Structure formats: C-alpha cells, structure tokens
Amino acid sequence: MPSFSWRVWPALVLLLLPSAVAAEESSLLEGWHDVWLFRFLINVLGYSTIIIPGYFLISYFKRTNYLETGSGICFPLIKTCVFGSEAKTGLLDDVSVAPRNEGDSGSSVKQVVKLIFCAAGLQVSYLTWGVLQERVMTRSYGAKTPEEEGEKFTDSQFLVFMNRILALTVSGLWCLMFKQPRHGAPMYKYSFASLSNIMSSWCQYEALKYISFPTQVLAKASKVIPVMLMGKIVSHKSYEYWEYFTAVLISLGVSMFLLSSTPSKHPSNVTTFSGVVILIGYIVFDSFTSNWQDNLFKYKMSSVQMMFGVNLFSCLFTVGSLLEQGAFFDSVAFMTRHSEFAFHAVLLSVCSACGQLFIFYTISQFGAAVFTIIMTLRQAIAILLSCFLYGHAVTMVGGFGVAVVFLALFLRVYARSRMKSGRRLALPLGQKV
C-alpha cells in the first residue's frame, strides 16, 4: 500500500492541481532564467537553429559544384553568399582604410581641427555609450520614489540587437552614398566574426551585473594579451619583445586593481566569480573577432563593407534568437512601459554606430597610433567618470594598477610608431642598394 500510494500520489496531484504544478514549473523556469549560464546556452541554441541549416546548405552547394552547374534567378545570390566573386589579394594594402593624408593635403590648422573633431567625436560617442551601458544594466526604471525598487532590464541580447540594427542601417547607407571597392568575399565568412562579436557584446553587457564598470574597462584594456595568443593560433603571427613586456605590465596592473578592490554596498561594485568568467568570455570572443576580421581584410573590401557584413549576420542571429525565446516582444513591452529606457537604448545604439564611423575616419586620416592614443585616454576618462557618477571606490594600490595599465598601453603605441617610422626610413635605403 505505501508503494502504491507513493506512485499514485504524483498522478493525483497532476490531475487535481494542474494550476499549482504549472505555477511551480513556471517559477522553476524563472529561477533558471536568472542564471547567466542558462541564458547563454539558450542564446547559443537559438543561433544554432540558423547556423546548422546554413552549414548544410553551404556544404551542399560546394559539394555539387554549384558555381559551374547552377543557374536561375537565385544563382547571383547563392554565388555571393557561398563563393564570392574575387580571390584574396594577399595584401592589406589600403584595403581596410582609405589612403591617409600625410601633411601636404592641407594646412596644419586644418589638420589640428580634424584631429580635435575626431578626438571629440570618439570621446563623446564612447564616453556616453559607457555611461549609458552602466545605467541600463545596473539601475532600475520606473521608481518614482527612492523607496521603490522599480524594474530592471535584464535582456542583454536585445541591447546587442538594437546596436546592430542601427549600425547595419548606417553602414548600408554609407555604402550606397559613397563609392566602395568591388566586394569579393563570400558573405557567409562574415558569420564567424558576427557570431563571436555578438557573444562578446552579450558578455560585455551581462558582466556589468556582476562586476564594476572600472573593472570591465581595465579588462578590456588588457585584452591585448589574448589577442596576441589568438593571433598566434588563428593568424600564426610573431611578436616583438616589447609587445610581450607591455603585455606583462598590463597583466600586473590589472591584477593589482582587482586584488585591491574592496566590496561596496552597491552590488555593481562587487567583482564576483561569475563576472570574471563572463569577462574572460568577452575577451576570448573579442580576440577571435579582431583576428578573423584581419584575415577577411585580405579580400578587397572597405571597413564600412566589413561593418555592414558583420552587422547583417548579427541582426539575423539576434532577432532569430529573440523571437524563438519570446524575449523580443517582452523587451519591446519594457520599452513601452519605460520611455526613459527606450531613450537610453536608442541613444546607446546611436553612440555605438557613430563611434564606429569615427573610428574609420580617424584611422584613415591620422593612422592607428593616434587612434589608439585617443581611445586609451577615453578608457582612463571612462573610469574616472564612472567612479564620479556611480560612486565606485578605488584604493591607492588599485589606482597605481590603473596607472601601470595605461603606461603600458602608451609604451605600446610609442614603440609601434617608432618601429613603423624606422621601416619607412629603411625602405628607400634598401631600394637604392
């Protein structure tokens, strides 16, 4: 009898109390949804529903030699997506950016004005973006009094989608308005950089739930280390001794900052194990993205074409995953409930898209060294601004660690510029011989 009742009891509960069981399952699902790893796996599952069919289609077209046997109205589209139209150039010679003006392109006053314009555009775009990013992910909306808790926005993937859809629109309009090189890369190759890019962006937003913004900025500054490791693996690159030295300095400075951080009353100031793991995920994904894009630039394309191709797949992946999870309409409903969040989300996307255009323009006019200096200063200002606005505490040792990191970054810029100038001086000498 006890054995019989033990077996029958769950069935009776299901029959007599279906609503209670449904409520329990719903609460259990909501509990799992609060776990970042569960959300990460759900996102990956959503992306796989697009990636796996795409993989089999591409394999089929390549296996059947569709480029020679195919025909019909879909042939140009399939050729562009799967095969492309040109071989690799083998060189990066001014493929990624336009030729840079050296000094004879205009007066020094104009060059100074251009530099101020670029620096101001980058600082305003990315400082505003950083402040809004922390506001959206760590603060609540809808609280009319300090005693009310309000409602927090939790879906990082929707913010990634918002950023990518606007960047896709801007880059698409840019490609239509200004002449671009003839595109030759197979479109599907953008999907690799796109997938790693949206995963790194998701990790970047999600990490702010578990770590402070200054910690995230310092970790982003230290991503040169995994970028070098990924460059060894993906691109088989070799590095100079000073690059390894500055990488060690950056690691030392970040370690000093993290180990000296003291917990605060506000949860966003606390660095947790989950935050560190998510941050490592961000750095790994972002390192792969930059190295894969570097390989893609061996095809004849501009930076804006790269921006369009990557964001096209990013929109496809994120909107597909959001619709499958049912999170897209939930996020839109949150926007309608909280107009302040809607404004922040749109402004976040505008800053991200404008910042990318300023990156391309700055590099084309002044080169990568000047751009790196501007962005390094931006990271330092972002830490100070975040500490001022959101009350993050930095100890003396932590401040020294921050100084070590930025000193190492400036040393990298200086050494790289000296090395490039040395190569330019050596080139005419070699030609004479």
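Residues 38-58 are helix from end to end in this predicted model: the span comes out at 100% helix and 0% strand, with its end C-alpha atoms 30 Å apart. Residues 341-361 give a matching picture, with 100% helix, 0% strand and 30 Å between the end C-alpha atoms. Both stretches appear under "transmembrane region" in the unreviewed UniProt entry, which also lists residues 241-260, 266-285, 306-329, 368-391 and 397-415.

Phe-341, where the second of these spans begins, also turns up in the largest nonpolar core. That core has 56 residues, and Phe-341 is among those with the most contacts inside it, along with Leu-122, Phe-158, Leu-159, Tyr-190, Met-301. The top contributor is helix α8 (residues 190-207), which puts in eight residues. Leaving aside residues up to four places away in sequence, Phe-341 touches Val-136, Tyr-141, Phe-153, Leu-159, Phe-334 and Met-335. Another core lies apart from the 56-residue one; this other core has eight residues, including Leu-249, Ile-250, Val-404 and Phe-406.

As for the cysteines, a search of the whole structure turns up zero disulfides. Cys-351 is in no disulfide, and the nearest cysteine sulfur, that of Cys-354, sits 7.0 Å away; a disulfide would need the two sulfur atoms within 2.5 Å, so this pair does not qualify. Cys-351 has a relative accessible area of 8%, and so it counts as buried, the cut-off being under 20%. Cys-74 is another matter: its relative accessibility is 44%, so it ends up as partly exposed.

Key:
Residues numbered from 1 in each chain as written. Predicted model: local features only at pLDDT ≥ 70, side-chain atom pairs only at ≥ 80, totals over all residues. Heavy atoms only, no water. UniProt positions renumbered as here; feature names shortened; annotations may be inferred. Helix = DSSP H or I, 4+ residues; strand = E, 2+ residues; numbered from the N terminus. Buried < 20%, exposed > 50% of the residue type's maximum accessible area, 1.4 Å probe, protein only. Core = buried A, V, L, I, M, F, W, Y, C linked by side-chain atoms within 4.5 Å. Contact = heavy atoms within 4.5 Å.
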